[in-house]
Amino acid sequence: MLTVEETIGVTETAQIPQQRGEQLLDSAVRYAEERHWDVFPGTWLEAVEGRERCSCGAEACAVPGAHAVKPDWSTQATGSGVGARRMWSKTPKASILLPTGRTFDAIEVPESAGFLALARMERMELTLGPVTCTPDRRMFFFVLPGAATKVPDLVRKLGWVPAAIDLTTRGEGHYVAAPPTRIGGVGAVQWARRPTPANRWLPDAEELISALAYACGREAAEARSRAQ
């Protein structure tokens with residue numbers, strides 16, 4: 001038997017499950033209160049003619065249901081649990097967006113390279129921060145702020161050309177979507193490594209970049225080989 005979520009996007013009676021709004025509100029409040037992360041509500045998914053569409057109304061929305069509503073989104077972000085509860089009480093279906101460049105930066109890599117790097121980091125017994133995995137098969141490793149400015153040089157020192165490998169950073173002026181935000185009709189953002197008391201102190205980008213660059217470089221080399 002299909003659940004309500006499984007039928008979204010394929011029937012005319014598609015609906016966003018009511019409990020998801022409660023999950024979003026509770027999660028946003030926890031991020032603010034327990035992790036001291038700034039949060040702000042983004043767009044959300046709406047059922048229109050049996051399909052899920054972004055609340056922004058754009059037919060060709062690049063990130064349906066998971067992007068900022070207004071250009072001044074950075075001024076809306078709050079690190080207060082009370083403020084988060086107030087905002088999601090008004091828009092309970094809104095995605096949870098976390099500004100980067102404040103309490104953390106995020107290193108973005110393809111999912112395949114990310115899991116390869118995770119396995120290597122665990123063998124090396126490196127300290128990891130939270131890691132998210134998105135429905136479009138991307139992974140975000142949370143690290144100390146400042147990574148966005150120094151990662152390109154770190155990658156070069158390791159012998160890689162930054163533009164040649166699929167590794168980018170998000171710092172000041174950017175944001176990431178947090179679980180359980182849904183993106184398009186393909187699924188929700190999930191934790192590959194959940195926030196816990198053990199990873200409250202984030203690693204520096206320099207501690208993780210070797211494993212991440214290696215995994216991304218290996219993937220880029222394999223892609224070039226297949227193209228030949």
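The passage below walks through the sheet, the helices packed on it and a few notable loop residues of this predicted model. Residues are numbered from 1 along each chain as its sequence is written, and side-chain values use heavy atoms, with hydrogens and water left out. Because the model is predicted, local features need pLDDT of at least 70 and side-chain atom pairs count only at pLDDT 80 or more, whereas totals for chains, interfaces and linings use all residues.

A good place to start is the five-stranded open sheet, whose order is β8-β5-β7-β6-β10 with antiparallel pairing. Helices (H or I, at least four residues) and strands (E, at least two) are DSSP runs numbered from the N terminus, and two strands pair if DSSP finds at least two bridges between them. The edges are taken by β8 (168–170) and β10 (190–193), each of which has a single partner strand, so one side of each lacks a neighbour in the sheet. On average, and with direction ignored, neighbouring strands are turned by 30° against each other; axes here are lines fitted to C-alpha atoms, for helices over the stretch in contact, and angles run from 0 to 180 degrees between N-to-C directions. Within the sheet, β5 (residues 105–110) and β7 (residues 138–143) run antiparallel and are joined by six bridges, with Ala106 opposite Phe142 in β7.

Two helices pack on this sheet. Helix α5 (residues 111–123) touches β5, β6 (131–133), β7 and β10, and its direction makes about 45° with that of β7. Helix α7 (residues 205–227) touches β5 and β7, at about 20° to the direction of β5. Contact in these cases means heavy atoms within 4.5 Å.

Helix α7 also meets helix α6 (residues 147–157): their axes come within 10 Å and cross at roughly 45°. This makes α6 oblique to α7, given that angles under 35 degrees count as roughly parallel, over 145 as roughly antiparallel, 65 to 115 as roughly perpendicular and the rest as oblique. From α6, the contact draws on Ala147, Val151, Leu154 and Val155, and from α7 on Ala205, Glu206 and Ile209.

The loops around the sheet hold some backbone details worth a look. Between α5 and β6 lies Glu125, a residue other than glycine with a positive phi near 60°. Glu125 counts as exposed at 70% relative accessibility, where buried means under 20% relative accessible area, exposed over 50% and partly exposed in between (1.4 Å probe, protein chains only). Arg137, in the loop between β6 and β7, likewise has a positive phi, near 65°, and is exposed with a relative accessible area of 52%. In the loop between β9 (175–177) and β10 sits Pro180, which is joined to Pro179 by a cis peptide bond with omega about 0°.

Elsewhere in the chain, β2 (residues 45–48) and β3 (residues 51–54) pair in the antiparallel sense over four bridges, and Val48 stands opposite Arg51 in β3. Two residues lie between the strands of this hairpin, where Glu49 adopts a positive phi near 50°. Thr43, in the loop between β1 (40–41) and β2, is buried at 2% relative accessibility. Leaving aside residues up to four places away in sequence, the contacts of Thr43 include Cys54, Cys56, His67, Val69 and Lys93.
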